[in-house]
There are 2 protein chains.
Amino acid sequence: MSSSKNKKSALHETKSDPSLNLSQTSAERIKNLRRQSKDIKKLTEGILSGNKTDLSQAITLIESQSKRHTEDIKTIISTCLPYSNKSLRIGITGVPGVGKSTFIEQLGLLLVKKGHKVAVLAVDPSSSVTRGSILGDKTRMEKLVQHPMAYIRPTASGESLGGVARKTRESILLCEAAGYDILLIETVGVGQSETAVHSMTDFFLLLKLAGAGDELQGIKRGIIEMADAIVINKADGDNIKAAKKAKVEFNRALHMYPSKSNGWDPKVKLASALQNEGIDKVWKMLTDYFEKAKQNGYFEEKRADQNKFWLTQTIEDSLKKEFYQNEVIKSEFPEVLEKIHNQDLSPFEAAEYLLKKAKI
Amino acid sequence: MSSSKNKKSALHETKSDPSLNLSQTSAERIKNLRRQSKDIKKLTEGILSGNKTDLSQAITLIESQSKRHTEDIKTIISTCLPYSNKSLRIGITGVPGVGKSTFIEQLGLLLVKKGHKVAVLAVDPSSSVTRGSILGDKTRMEKLVQHPMAYIRPTASGESLGGVARKTRESILLCEAAGYDILLIETVGVGQSETAVHSMTDFFLLLKLAGAGDELQGIKRGIIEMADAIVINKADGDNIKAAKKAKVEFNRALHMYPSKSNGWDPKVKLASALQNEGIDKVWKMLTDYFEKAKQNGYFEEKRADQNKFWLTQTIEDSLKKEFYQNEVIKSEFPEVLEKIHNQDLSPFEAAEYLLKKAKI
């Protein structure tokens, strides 16, 4: 356990951060403790002045999971909090192979050209299977990663969704404090990460391919309902006809859902990230959305709702965790399930029984 | 508060139940207490022998919400529990005006003719607005209500969804113990009641009308996804063409969802409850489903999942309730929300703060 933790820290370690040094004497530790508050202040100032190295280092602290850094992170975040909340947060999802990284790079390049500061974060709570593909994006977005106005960062993976969600939210906050005014939050179109990303972004964009008649297959239930727009990528060459057909079908599918509470009807757009076609129209759609949502107050309302969601979600996750990790409950739970199965107990009686047990 | 409770009890009161008498002297009360355990035993025996009056009386106890009856209900339920679980539970939903009661009556009449014992329960957690329509069903199902093999009962309404769900589950259990082998659980197609009914039935049927091109409008998000079948009612006379068109559209809509885990592809059927047409085909489809689901083990699996769902749901509802009703939390919550809004606190810090507060 401890060795895997060390390994993790080592992975994220950067040479300039003394607090991450694991092989230090106690004299050094005391020296570090004194230095730390000064370093944290410097680090925070660096973030606020837009220094990418400082931003990366702070996100590394957020991801380190080490209890030693908890206070540091709190200090950084509470200092940055008043400078956050000012960007447009765009969630982008799609299954592997849909061309997410190419799309994000082209959109990012368009935006930096227009004078925006763009940060790309990748959320990947699923483990090793998909980790590769998202980490790989960073090297694949070769042009964008070199641009001074862009910042690309894959976030922590392989942990609980709640944990990853919190880290992503905190990373968003730091990026905003560092002056990034457009955030592209990427997630793979599998698992529960979409719900989390949907709950922390202002606009949720689903990337799709035109397929052979079964365009809507393979999408997790509910994702289409969450989408504010569907972009059919790779709409080029021989694919154009199929893409246009898919557009009609998606429009029909979206039409079958009741209108969203914000009055925005989800749009379907065609694009070819590879040929850099249609990206400008996607951006036009996004600016239309933001204009409307800010005008009718929905933008602010949604953010307030999201804050409340994360507040209650964190509380409720913690309450559940505490209950189910109670040793008494852990040992009684299988037996209670067995009793329900054998019709000796109703689920309601069983719940009452366990709730009483947890209090003893 | 107390007067409304009395009113409620009086509404459900039946003359033969002494424990429901509200204007009794303490001497009478003591006498009743002694008599009670004997009465409860008699009542339970009555249920198990299929006596409708006893069944009704026990369901009235379940609905009474009075703490005085908690122990009685527990006794009745634990005695009946081993005799439950043997029926087919069919959830039926649809917006008011779709012809739910006519459809249920025709289906019920078909089933009693085939030798089944049919119980109809109505779930209505929404308040007065819709209450009328469901209570009204009872008198509207004139033929079915008079049939010796049928039992019709509107359940408690106007309360919390969790409370209504528990009462309905317990009523289901008693109906099964009384020998009803097919249960039709009705709910209005609004509010959250569908999710609850979906989680306590084996098959979920959505009733719809053919409309003017917007057949899918007005349905709550997610209801189509929950449906195991859609029956387009009032497919008669001038409506037939529109109904057939709607069938095609619904089939297309259903096709756009990924397959259900049980391998059952949701079906679309046409019916005219008024003309008693198509009801037999709906029943044929239901028997097909049950045959398959029992063969591949999905039937049992789903019930086990539902039991686990109600167990954890009850536990988690209780944990949340306790937390949010804590006086300290109640007084601090608005201030914390305000601080989040003003960017003085992140939702995660705020959650930690409140969780600590609740423990003091």
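This is a tour of a predicted model with two chains, A and B, going from the whole assembly to single residues.

**The pair of chains**

Start with both chains in view. Chain B superposes on chain A after a rotation of 180° with 0.0 Å of shift along the axis, at an RMSD of 0.0 Å. The two copies are thus related as by a two-fold rotation axis. Next, colour the residues at the interface. In chain B, 100% of the interface residues are also interface residues in chain A, so the copies meet through the same surface.

**Chain A as a whole**

Hide chain B for a moment. Chain A holds 15 helices and seven strands. Of its 360 residues, 51% are buried. Take the contacts in chain A with a separation of 6 or more: 76% of them come from residues 24 or more positions apart.

**The nonpolar core**

Bring chain B back and select A:L174 and B:L174. These are the residues with the most contacts inside the largest nonpolar core, which has 98 residues. In soluble globular proteins, nonpolar side chains tend to be buried together.

Now zoom in on A:L174. Which residues is A:L174 in contact with, leaving aside its neighbours within four places in sequence? Select A:I47, A:L55, A:A58, A:I59 and A:I62, then add A:I76, A:I77 and A:C80 to complete the set.

**A tryptophan in a loop**

Stay in chain A and select A:W264. This residue sits in the loop between α11 (240-255) and β7 (267-270). Is A:W264 buried or exposed? Its relative accessible area is 5%, and because the limit for buried is under 20%, A:W264 counts as buried.

Show what surrounds the side chain. Apart from neighbours within four places in sequence, A:W264 is in contact with A:F203, A:D228, A:M285, A:Y289 and A:K292. Then draw a distance to A:A229: the C-alpha atoms of A:W264 and A:A229 are 9.9 Å apart, while 35 residues separate them along the chain.

**Three parallel strands in chain B**

Move to chain B and select strand β6, residues 229-233. Five of its five residues are buried. Look at the strand from each side: B:A229, B:V231 and B:N233 are on one face, B:I230 and B:I232 are on the other, and both faces are covered.

Add β5 of chain B, residues 203-209. This strand runs parallel to β6(B) and is joined to it by five bridges. Add β7 of chain B, residues 267-270, which is also parallel to β6(B), with four bridges between them.

To follow one line across these strands, select B:K208, whose bridge partner in β6(B) is B:I232. From B:I232 the next step is B:L270, its bridge partner in β7(B).

**A bent helix, seen twice**

Last, select helix α14 of chain B, residues 327-341. Its 15 residues reach 22 Å from first C-alpha to last, close to the 21 Å expected at 1.5 Å a residue. Where does α14(B) bend? The bend, about 35°, is at B:F333, and the proline B:P334 follows within four residues.

The buried residues of α14(B) include B:I329, B:E332, B:F333, B:V336 and B:I340. They pack against α13 (298-324) and α15 (347-359) of chain B and also against α13 (298-324) of chain A.

Finish with α14 of chain A. Here a bend of about 35° falls at A:F333, with A:P334 following within four residues. A:I329, A:E332, A:F333, A:V336 and A:I340 are buried. The buried residues of α14(A) pack against α13 and α15 of chain A, together with α13 of chain B.

Definitions and conventions. Residues are numbered from 1 along each chain as its sequence is written. Chains are lettered from A and ligands numbered from 1 in the order in which they are written. This is a predicted model: local features need pLDDT of at least 70, side-chain atom pairs count only at pLDDT 80 or more; totals for chains, interfaces and linings use all residues. Side-chain values use heavy atoms; hydrogens and water are left out. A nonpolar core is a set of buried Ala, Val, Leu, Ile, Met, Phe, Trp, Tyr and Cys residues joined through side-chain atoms within 4.5 Å. Buried means under 20% relative accessible area, exposed over 50%, partly exposed in between (1.4 Å probe, protein chains only). Contact means heavy atoms within 4.5 Å. Copies are superposed by least squares on the C-alpha atoms of residues with pLDDT of at least 70 in both. Helices (H or I, at least four residues) and strands (E, at least two) are DSSP runs, numbered from the N terminus. Two strands pair if DSSP finds at least two bridges between them. The expected span of a helix is 1.5 Å times one less than its number of residues. The bend at a residue is the angle between axes fitted to the seven residues ending there and the seven starting there.
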